[in-house]
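Grab a pencil and work through these exercises one at a time. Try each task yourself before you read the solution.

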Amino acid sequence: MAAAPSARAADEISIAAAADLAKCMQELNAAFQKDHPGANVKVSTGSSGNFFEQIKNGAPFDIFLSADIGYPKQLADAGLADKQSITVYAHGRIALWTTSDKIDVSKGLDILKDMQLIKKIAIANPDHAPYGRAAKAALEHYGLWVAVKDRLVIGENISQTAQFVQSGNADAGIVALSLIIDPKSGKAPPHTYVIPVDSYPPLEQAAVLTSAGSRNPLAKSYLEFLRSDAARKIFDRYGFLLNNNAQ
């Protein structure tokens, strides 16, 4: 995870973004900078829970894009963010993913019972990563948590979790769909099973202006951009929903 930013110029925005946005943020920033060509947008990606603690401890981020709306609400309640600025930008989705031709993910999460085929399973840390909590909830929903917990490889955030699968350090993993989907086709890669959204609590993702950001006109402009049709189209391409009932 990138370090918290230090002092910034007037034309600079400092953003703390949930790790599931790692790829999406590049397109969002490029689109924003078309209308604000002088803007210097600095993004740190990582676990929402870790950013929550950093902002509580004074990290000077302007905008926090969290994978869990609970963190922005807590910051607002503590007087560290602008409650009126809280903006739900997506409901995230999780998927079972492997790079192995031998693992038939069409069977859903039940395939994880095969201890010979799947020795290591990656999830994000459920203690501070919303996608990790979602993964644990889905495993519990299907009665699989006890069967798999001794084979888990825990990622610091959902981006690292996907890297474990990509590198082969895990045989399969429960990852953010946004990190593996092809934004051009809107399709997930081979060997992907999109986990039904009714098997885990909604991943209601929200952005908020921090106290520092509420004094930064450019940060306010970026938040307005996140509410725009242009931003919505980018979120859609990366598999993010606003209607959590959709699949």
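Two strands pair if DSSP finds at least two bridges between them. Strands (E, at least two residues) and helices (H or I, at least four) are DSSP runs, numbered from the N terminus. You're looking at a predicted model, where local features need pLDDT of at least 70, side-chain atom pairs count only at pLDDT 80 or more, and totals for chains, interfaces and linings use all residues. Residues are numbered from 1 along each chain as its sequence is written, and side-chain values use heavy atoms, with hydrogens and water left out.

**Exercise 1. Strand 1 and its partners**

Find out which strands are joined to strand 1, and say whether its residues are buried or exposed.

Solution.
- Step 1: Start with strand 2 (residues 40-46), which runs parallel to strand 1 and is joined to it by 7 bridges. Here Ile15 sits opposite Val43 of strand 2.
- Step 2: Follow the chain from strand 1 to strand 2. It goes through helix 1 (residues 24-35), and this β-α-β crossover is right-handed (with the strands pointing away from the viewer, the path from the first strand over the helix to the second runs clockwise).
- Step 3: Now take strand 3 (residues 63-66), also parallel to strand 1, with 3 bridges between them. Ala16 faces Phe64 of strand 3.
- Step 4: Check the cover. Strand 1 (residues 12-18) has 7 of its 7 residues buried (buried means under 20% relative accessible area, exposed over 50%, partly exposed in between, with a 1.4 Å probe and protein chains only).
- Step 5: Sort the directions. In a regular strand, side chains alternate between the two faces of the sheet. Glu12, Ser14, Ala16 and Ala18 point one way, while Ile13, Ile15 and Ala17 point the other way, and all are buried.

**Exercise 2. Two sheets**

Write down the strand order of each open sheet and name the edge strands.

Solution.
- Step 1: One open sheet has 5 strands in the order 2-1-3-10-4, with mixed pairing. Its edge strands are strand 2 and strand 4 (87-92), each pairing on one side only. On average, neighbouring strands here are turned by 15° against each other, direction ignored (axes are lines fitted to C-alpha atoms, for helices over the stretch in contact, and angles run from 0 to 180 degrees between N-to-C directions).
- Step 2: Another open sheet of 5 strands reads 7-6-8-5-9, again with mixed pairing. Strand 7 (152-155) and strand 9 each have a single partner strand, so one side of each is left without a neighbour in the sheet. The average turn between neighbouring strands of this sheet is 25°, direction ignored.
- Step 3: Look at one pair. Strand 5 (residues 94-97) and strand 9 are antiparallel over 3 bridges, and Ala95 stands opposite Val194 in strand 9.

**Exercise 3. Two loop residues**

Which is buried and which is partly exposed, Leu112 or His191?

Solution.
- Step 1: Leu112 belongs to the loop between strand 5 and strand 6 (121-124). With a relative accessible area of 0%, Leu112 is buried.
- Step 2: His191 is in the loop between helix 7 (177-180) and strand 9 (192-194). Its relative accessible area is 26%, so His191 is partly exposed.
- Step 3: Look at the backbone too. Most residues other than glycine have a negative phi. His191 has a positive value, with phi near 65°.

**Exercise 4. The largest pocket**

What is the volume of the largest pocket, and which helix gives the largest share of its lining?

Solution.
- Step 1: The largest pocket holds about 160 Å³ of space. On a 1 Å grid over the protein atoms alone, a pocket is an open set of points with protein on both sides within 12 Å along at least five of seven lines, a cavity is a set where a 1.4 Å probe fits but cannot get out, and lining residues have an atom within 4 Å of a point. Points are joined across faces, edges and corners, and a volume is the space filled by probe spheres set on them.
- Step 2: Among the lining residues are Trp97, Ser159, Gln163 and Leu179.
- Step 3: Helix 6 (158-167) and helix 7 each supply at least two lining residues, and helix 6 gives the largest share, 4 residues.
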